[in-house]
Amino acid sequence: MLRFLGFRLLRAIVTIVLVVTFAFVVLRLSGDPALLIMSVDAPPEAIAAFRAAWGLDDPLWVQYIRYFNAIFHGDLGRSMRDGRDAIVLVTERIPATLALTLPALAIKIGIGVPAGVYAALHRNSLADRMVMVMAVAGFTIPSFVLGLILVLVFAVQLGWLPSGGQESWRHAILPVITLGVGGAAVLARFTRSAMLEVLGQPFIRSASAKGVPWAAVVRNHALPNAAIPTVTIIGFMVGSLIAGAVVVESVFSWPGVGRLLVVAVANRDLAVVQCILLLVAMTMVIANLIVDLLYGALDPRLRATRTAGAH
Amino acid sequence: MRDVPLVSVRDLRVGFDGLPAVRGISLDVGMGEAVGLVGESGCGKSVTWLAALGLLPKSAQVAGSVKLAGEEILGAAPHVLDSVRGGRIAMIFQDPASSLNPVHRVGAQVVESLRLHRGMRGGAARAEAKRLFDLVGIPDAARRLDAYPHELSGGQNQRVMIAIALAGQPELLVADEPTTALDVTIQAQILELLGALRRDLGMALVLISHDLGVVAETCDRVCVMYAGRIVEEAPADALFHAPSHPYARGLLGALPPIDGPRRPLAAIPGSVPDPNAMPPGCAFAPRCAHHIAACDSAVPGLRPMGLDRRAACIRAEAPVRAALVPA
């Protein structure tokens, strides 16, 4: 188990380093922050001074080493726009984002999993087809379209809810629904197919053959097995708690991490973008680690290969 | 011969999407009797018993009658079937490894049956599970109770399945190809175990197999199935010494002889008819060496061939003379 954890930790670090490196290179190749922040008409001396101040005139590899060195000393850099620490800028936005993504996650799991299970148990019934039609619709409609439709209907036409902003809990309702619907659809489809797969297994038939009532067959035999693949998808959703709301936050003018990211990318505010990406990578990696540990708890076959030292 | 049979199947018909898989099976199993069901894969031998126990998907069309000690169980209410399944008729399957739930310990899977059918819980249930593991010959039973199916061999998993089946103290055990997925050496052990348990517990046994040899060793009476029907029913000895139906003769001819000179095995030419295009008369006619025009006019019913055997062939003759007719 320790060896397993060590291996996973190593892999996590490699993943994070790759993400950060990729972001570093792409950001620096895709536009000059000096020009964007100082504007193109700024005097050349001012631009040169800006570059020198932020170390942008050094070769890329020097900047890269300096950046990593700073990270290891806990310094994630400062925003080029207002000079504040990037980490402070980002962390003060996290609660706003979680206020959307956590309730949305609850909707995804609370609706998606039961809907998928129900559809699988009533395969080919009218209810199954309706769940699947809704799931395909929820899965295919892009969140900005759904968000705009919800705004049009509930804010503009009916006037029940505000169309944007963050003043009260009522402002969160539309963005949370927009976020939750897509995920619930994905989860419903996935849970359904996982359940169908399990229900076709011989051990389900043998559970029935030994006289287990159908409800108990579903509860004790099918669900624990179907949970194994479903947990993977839920893990992805947990991993996107921090950065999963970029589009929705923009549509609803919600001041979360996602909107900060959009603005920072547009401005080439390098430290802020990198700080967010580092945070996102870490959340993803942690979520994956939790999923891996859950696998072990759910599936004794995996537990065995782990104690044997295999991966 | 027998008063009320333990299980009495009458004109059982099963279809999938309109295609018949079982075309009218009638069969009795007496108390404590061992009956073999033999035939090629797809002939409907497993489907017969899955249908009888209501284990087929809802899309299957099932008709006919299955009585357990005189009571109809075909299409019975779920709670009735739940108490029959595992409690009065237990069933074990071909692939023991995938027939056990991979995420539960094998002991817990035995205890589940004990709880359902005998109301046992806790320490008493565990002690009984251990006794059952001992009974079916699982070594180190107390420790094995906590194993997961993937930690046991195929043979041990099949012993676990048998222990689960015995947990409900059933009157009949239906073993569906119980040794097909196992090594040859393990096959013999499992068959021996099934035979011994039947003798000791007075339980009836239905052994479904495509392997005549397996059935011959274990059963009193054998039904040979072909394309969804029983084509011959006879005491095991009699069938092996003198099969009446040409298909049964063909099956025996495909077995290697235990003694005597080596000879090429006789394969039955052709293949099982497509359910979409069944022959008008006898389903075996297109493959039969003794085929005559009359075979195609009507489906032959089972006719008595002497005292205790029946065959569905218009050309089959009584056993004494059949033995003289070269196959």
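**Exercise 1. Work out which residues of helix 8 of chain B are exposed and which are buried, and how the two groups are placed around the helix.**

Step 1. In this predicted model, B:Thr185, B:Arg199 and B:Asp200 are exposed on the other side of helix 8 of chain B from its buried residues, where exposed stands for 12 or fewer other C-beta atoms within 10 Å of a residue's own, buried for 20 or more, and partly exposed for what lies in between, with C-beta atoms placed from the backbone. Residues are numbered from 1 along each chain as its sequence is written, and chains are lettered from A, and ligands numbered from 1, in the order in which they are written. Local features need pLDDT of at least 70 and side-chain atom pairs count only at pLDDT 80 or more, whereas totals for chains, interfaces and linings use all residues.

Step 2. The buried residues of this helix are B:Ile190, B:Leu191 and B:Leu194. They lie on the same side of helix 8 of chain B because they cover an arc of only 100 degrees around the axis, the arc being that of the directions from the helix axis to the C-beta atoms.

Step 3. Among the elements that cover these buried residues are helix 7 (154-167) and strand 7 (172-176) of chain B; helices (H or I, at least four residues) and strands (E, at least two) are DSSP runs, numbered from the N terminus.

Step 4. Just after the helix, B:Gly202 takes a positive phi of about 65 degrees.

**Exercise 2. Describe where A:Ala188 lies and which residues it is in contact with.**

Step 1. A:Ala188 belongs to helix 9 of chain A, which runs over residues 170-199.

Step 2. A:Ala188 counts as buried because 28 other C-beta atoms lie within 10 Å.

Step 3. When neighbours within four places in sequence are left aside, the contacts of A:Ala188 (C-beta atoms, placed from the backbone, within 7 Å) are A:Gly112, A:Ala115, A:Gly116, A:Ala119, A:Val131 and A:Ala135.

**Exercise 3. Find how many residues each chain brings to the contact between chains A and B, and describe the side that belongs to chain B.**

Step 1. Chain B brings 27 residues to the contact and chain A brings 21 residues.

Step 2. On the side of chain B that touches chain A, helix 4 of chain B gives the most, with four residues.

Step 3. By class, this side of chain B has twelve nonpolar, ten polar and five charged residues, where Ala, Val, Leu, Ile, Met, Phe, Trp, Tyr, Cys and Pro count as nonpolar, Asp, Glu, Lys and Arg as charged, and the others, Gly among them, as polar.

Methods: Contact = placed C-beta atoms within 7 Å.
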